[in-house]
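Work through the exercises below with the sequence and the model side by side. Try each task before reading its solution.

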Amino acid sequence: MKNEEIKVAVTSRSFSRNDILRKELLHQYKNVKFNDDGLRLQGDVLIDFLQGCHKAITALEVIDDDLLRRLPNLKVISKYGVGVDMIDMQALKKYGVKFGWTGGVNKRSVSELVISFSIALLRHVPGAHRGVLSGTWKQYIGRHLSGRTVGIIGCGFVGKDLVKLLQPFGCPILVNDIKNYDDFYKKYNIKTVDKEELLVSSDIVTLHTPLDDSTKNMLSAERLALMKSDAILINVARGGLLDEVVLKQMLISGKLAGAALDVFTIEPPEDKELLELPNFIVTPHIGGSANEAILAMGRAAISGLEKNE
């Protein structure tokens, strides 16, 4: 089938809003359906959107057996973004749907967000900001990021990039990962430890793992209790990696100094009490939402439509 005959669907709202990516995709495919209405696509609405399409660029939408069974024309799915926990790989194989994916394309966007969260929480920026808005003008005494021990759980694309960004701050770095990156660890003087030692020893704990059966709720109540009371916790990876209810109670009671979550088990999050805490930062899943990352993710997704044919 020639490219001008192929029908392509783009479910991502940020891709659909980007004039550069639209132009580059339309240069290769003439029949493209964009998510111009900014719809949150799921279930039957997603199936209706993809109906009749031969290829699709998807983002956070769930691609499962039921969806693929009802879309017999769909032959290629290319991922906009790096997470694949919403993609049923076995179902792709079952229905002969090819998959385009490129890892690490948004790593700098995510790792810079971690740096910004770390400094903001150490300097009490959320509480200070809210205080001024409510009419309170007082001095908040914080701490430097420089010299703080940073524990990184998951040292893949983002974890490695974060290590590089931390170098000027002189932070001792602890890493926990199921894979062995000895050369990288040696180059950056990184100590590998188990999760328990990392949690006990780190001033900042940041998560960078996928969500699967081995990582779901990996920061349980028991593990969260190991963290120092003046430590901060950051999750820009995937919702479901930690116990959000226990996290809230630790922030309220002072058993944890601060936390920043860009991802939640349920999005958007529903716990208003957590969201309003002065030692908590919430963002709406914006880890990859920098202009540079959007272009990189979009171009990788466009390429993924072709390379798996």
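**Exercise 1.** Which residues are buried in H12?

Solution. The model is predicted.
- Step 1: apply the cut-off, since buried means under 20% relative accessible area.
- Step 2: list the hits. In H12 they are Glu244, Leu247, Lys248, Met250 and Leu251.
- Step 3: look down the axis of H12. The buried residues fall within an arc of 165 degrees, so they line one face of the helix.
- Step 4: recall the helix repeat. An α-helix has 3.6 residues a turn, so residues three or four places apart point the same way.
- Step 5: find the cover. The buried residues of H12 are covered by elements including H11 (221–224), E10, E11, H13 (272–275) and E12.

**Exercise 2.** Determine the strand order of the open sheet and find its edges.

Solution.
- Step 1: trace the order. The 7 strands run E8-E7-E6-E9-E10-E11-E12, and their pairing is parallel.
- Step 2: pick out the edges. E8 (191–192) and E12 (280–282) each have a single partner strand, so one side of each lacks a neighbour in the sheet.
- Step 3: check one pair. E11 (residues 258–261) pairs with E12 over 3 bridges, in the parallel sense. Within this pair, Ala259 has Phe280 of E12 as its bridge partner.
- Step 4: add the helices. H8 (residues 157–166) packs on the sheet and touches E6 (150–153), E7 (173–176) and E9 (204–207). The direction of H8 makes about 165 degrees with that of E6. H12 (residues 244–253) also packs on the sheet, touching E10 (232–235), E11 and E12. Its direction makes about 145 degrees with that of E11.

**Exercise 3.** Is Ala237 buried or exposed?

Solution.
- Step 1: locate Ala237. It lies in the loop between E10 and H12.
- Step 2: read its relative accessible area. At 13%, Ala237 is buried.
- Step 3: name the contacts. Leaving out residues up to four places away in sequence, Ala237 touches Leu207, His208, Thr209 and Val263.
- Step 4: take one distance. The C-alpha atoms of Ala237 and Ile294 are separated by 17 Å, with their positions 57 residues apart along the chain.

**Exercise 4.** Describe the protein chain as a whole.

Solution.
- Step 1: count elements. The protein chain has 14 helices and 12 strands.
- Step 2: compare radii. The radius of gyration is 21 Å, close to the 19 Å that the globule rule gives for 309 residues, so the protein chain is as compact as a globular protein of that length.
- Step 3: check burial. Of the 309 residues, 49% count as buried.

Terms used: Residues numbered from 1 in each chain as written. Predicted model: local features only at pLDDT ≥ 70, side-chain atom pairs only at ≥ 80, totals over all residues. Heavy atoms only, no water. Pairing = 2+ DSSP bridges. Helix = DSSP H or I, 4+ residues; strand = E, 2+ residues; numbered from the N terminus. Contact = heavy atoms within 4.5 Å. Axes fitted to C-alpha atoms, helices over the stretch in contact; angles between N-to-C directions. Rg over C-alpha atoms; globule rule 2.2 N^0.38 Å. Buried < 20%, exposed > 50% of the residue type's maximum accessible area, 1.4 Å probe, protein only. Arc of directions from axis to C-beta.
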